[in-house]
Amino acid sequence: MAPIKKLTGPSKLPDVKTTIFTTVGNLARKHGAIDLSQGFPNFEADKKLMELVTLAMHQGHNQYAAMQGYYGLREIIAKKIEKLHGRVYHPDEEVTITVGATQAIFTAITAFVHSGDEVIVIKPAYDCYEPAIVLNGGIPVYVQLSKKDYKIDWEDLKGKINTKTRMLIINTPHNPSGRIFSKDEMLQLQEILRPTDIIVVSDEVYEHIVFDGEEHESASRFDALAERSFVCASFGKTFHVTGWKMGYCAAPSDLMHEFRKSHQFAVFCVDHPVQRAMAKYLEDERHYLELNSFYQKKRDFFLSGLQQTKFRFTPSQGTYFQLLDYSELTDERDEDLAKRLIIDYKLASIPISSFNTGQRNDGVLRFCFAKKKETLEAAIEILSNV
Ligand SMILES: Cc1ncc(COP(=O)(O)O)c(C=O)c1O
């Protein structure tokens with residue numbers, strides 16, 4: 001009855017289809033598959049954290065928080081960044097609490113990307129960057145990581161920079177490859193950007209999931225990167241509560257001032273009791289410092305179980321994802337194998353070609369090991385029989 005098409009008009013995102021996560025998730029549910037596809041834990045968060053949220057509600061923190069976020073939370077975040085990375089952000093002017101890292105990234109793009117501006121995206125990339133660029137009239141420009149080791153081709157990156165380049169989005173530790181940018185790589189990036197006015201969005205949601213004694217090299221550690229960067233983080237990832245959708249970003253005050261102009265009209269502020277709880281929970285730094293070893297045990301357990309299989313791998317350096325190379329098994333495209341694994345073997349993973357430019361098929365699948373031991377055991381058993 002209603003002329004839906006006329007009302008809808010031309011799509012602002014004509015190329016956006018149902019995400020691979022939804023497609024794979026639906027298929028996994030239909031076939032009762034073990035789900036190692038989506039990036040979230042299947043174990044519970046700390047009860048202490050939940051109690052702190054309940055307490056905050058009972059203490060009456062149920063109305064709007066400050067637009068920038070509860071001051072006590074911004075203050076403890078600033079202290080954490082200073083301690084870990086040596087950068088001082090002023091809690092009043094340089095830290096904002098957001099609806100997950102996703103909103104921080106979306107808002108940073110919205111605040112700075114004008115129609116016709118180019119934004120460099122490093123592929124394979126998490127899927128929330130490009131729609132935000134396109135919705136703001138920006139043009140995504142791709143730098144594709146190498147298939148062998150997922151490293152940046154610096155000449156390619158330099159060649160993509162021109163007077164229209166407004167922004168560059170980086171992600172370390174990197175989803176889906178599990179690579180972390182080394183100090184040398186961050187220094188290299190800093191030198192390339194030094195003569196430019198490019199703003200960096202540094203997606204660091206896996207900042208506390210780094211293995212084998214390596215360090216997370218936050219953009220905030222490097223003077224000439226920090227002065228142009230939004231460092232975006234996620235409490236969902238760090239505290240096993242992705243469903244709470246809470247994160248933050250830190251940036252120099254002039255950039256943050258502009259960011260907040262958009263932020264206040266997109267969300268105004270975010271969930272108040274959860275902010276109170278996070279501020280209290282962050283007082284004990286073990287809650288985030290112990291995450292590296294917590295997830296390293298899971299990664300090592302998963303990988304030791306895979307030694308005897310036909311899958312090959314380079315151990316993930318960070319994140320809770322592991323890429324498995326299946327080239328000894330088959331030369332199928334990744335999405336075909338992922339589908340077959342769900343239907344025939346009842347195990348779900350993510351084909352990463354959809355995150356590459358030109359759907360490049362790397363012959364790898366992404367598995368999330370943020371799962372209970374018994375889930376990982378069952379997955380190993382299945383992978384041993386493929
Ligand atoms: C690289 C990356 N960035 C951002 C996000 C989203 O973070 P949040 O849930 O805090 O919005 C994810 C979630 O999977 C991610 O993998």
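Modeller: Helices (H or I, at least four residues) and strands (E, at least two) are DSSP runs, numbered from the N terminus. By that scheme, Glu-374 belongs to helix H17, which spans residues 373-384.

Colleague: Before we go on, what kind of model is this, and what confidence do local features need?

Modeller: It's a predicted model: local features need pLDDT of at least 70, side-chain atom pairs count only at pLDDT 80 or more, and totals for chains, interfaces and linings use all residues. Residue numbers start from 1 along each chain, as its sequence is written.

Colleague: Back to Glu-374, then. Is Glu-374 buried or exposed?

Modeller: We count other C-beta atoms, placed from the backbone, within 10 Å of a residue's own: 20 or more is buried, 12 or fewer exposed, in between partly exposed. Glu-374 has 10 such neighbours within 10 Å, so Glu-374 is exposed. Try Pro-14 as a partner for a distance: Glu-374 and Pro-14 are 360 residues apart in sequence and, C-alpha to C-alpha, 41 Å apart in space.

Colleague: How is the chain divided into domains?

Modeller: Domain bounds come from an automatic or database domain assignment. Here domain 1 is made of 4-45 + 290-384, and domain 2 is 47-287. Their C-alpha centres lie 24 Å apart.

Colleague: And how many residues of domain 1 are in contact with domain 2?

Modeller: Contact means C-beta atoms, placed from the backbone, within 7 Å. On that basis, 30 residues of domain 1 touch 32 residues of domain 2. On the domain 1 side, helix H15 (291-306) and strand E9 (321-325) each bring at least two residues to the contact. H15 gives the largest share, with five residues.

Colleague: What does that side look like by residue class?

Modeller: Ala, Val, Leu, Ile, Met, Phe, Trp, Tyr, Cys and Pro count as nonpolar, Asp, Glu, Lys and Arg as charged, and the others, Gly among them, as polar. The side of domain 1 that touches domain 2 then splits into 14 nonpolar, 11 polar and five charged residues.

Colleague: Let's do the ligand shell. Which residues come nearest to the ligand?

Modeller: A residue is near a molecule or strand if its C-beta atom, placed from the backbone, lies within 6 Å of it. There are 14 residues around the ligand, and those that come nearest are Gly-100, Ala-101, Thr-102, Tyr-126 and Ser-234. Helix H6 (residues 100-112) supplies the largest share of the shell, three residues. By class, you'll find nine polar, three nonpolar and two charged residues in the shell.

Colleague: E9 came up earlier. In what order do the strands of its open sheet run?

Modeller: Strands pair if DSSP finds at least two bridges between them. The open sheet has three strands, ordered E9-E12-E11, with antiparallel pairing. E9 and strand E11 (350-351) are the edge strands, each pairing on one side only. Between E11 and strand E12 (residues 364-368) there are two bridges in the antiparallel sense. To find the register, look at Ile-350, which stands opposite Arg-366 in E12.

Colleague: What about strand E3: how many of its residues are buried?

Modeller: E3 (residues 118-123) is mostly covered, with five of its six residues buried. E3 runs parallel to strand E4 (residues 139-144), joined by six bridges. E3 also pairs in parallel with strand E5 (residues 165-171), over four bridges. Follow Val-119: its bridge partner in E4 is Pro-140, and its bridge partner in E5 is Met-167.

Colleague: Now the loops. Where is Pro-124 found?

Modeller: Pro-124 sits in the loop between E3 and H7. The Lys-123 to Pro-124 peptide bond is cis, with omega near 0 degrees. Thr-172 to Pro-173 is likewise a cis peptide bond, with omega near -15 degrees. Pro-173 has its place in the loop between E5 and helix H9 (183-193).

Colleague: And what is the phi of Lys-245?

Modeller: Phi of Lys-245 is near 45 degrees, positive although Lys-245 isn't a glycine. Lys-245 lies in the loop between helix H11 (235-238) and strand E8 (247-250), and counts as partly exposed because 18 other C-beta atoms lie within 10 Å. Asp-212, also not a glycine, has a positive phi of about 60 degrees. You'll find Asp-212 in the loop between strand E6 (199-203) and helix H10 (223-226). With 12 C-beta neighbours inside 10 Å, Asp-212 counts as exposed.

Key: Two residues are in contact if their C-beta atoms, placed from the backbone, lie within 7 Å.
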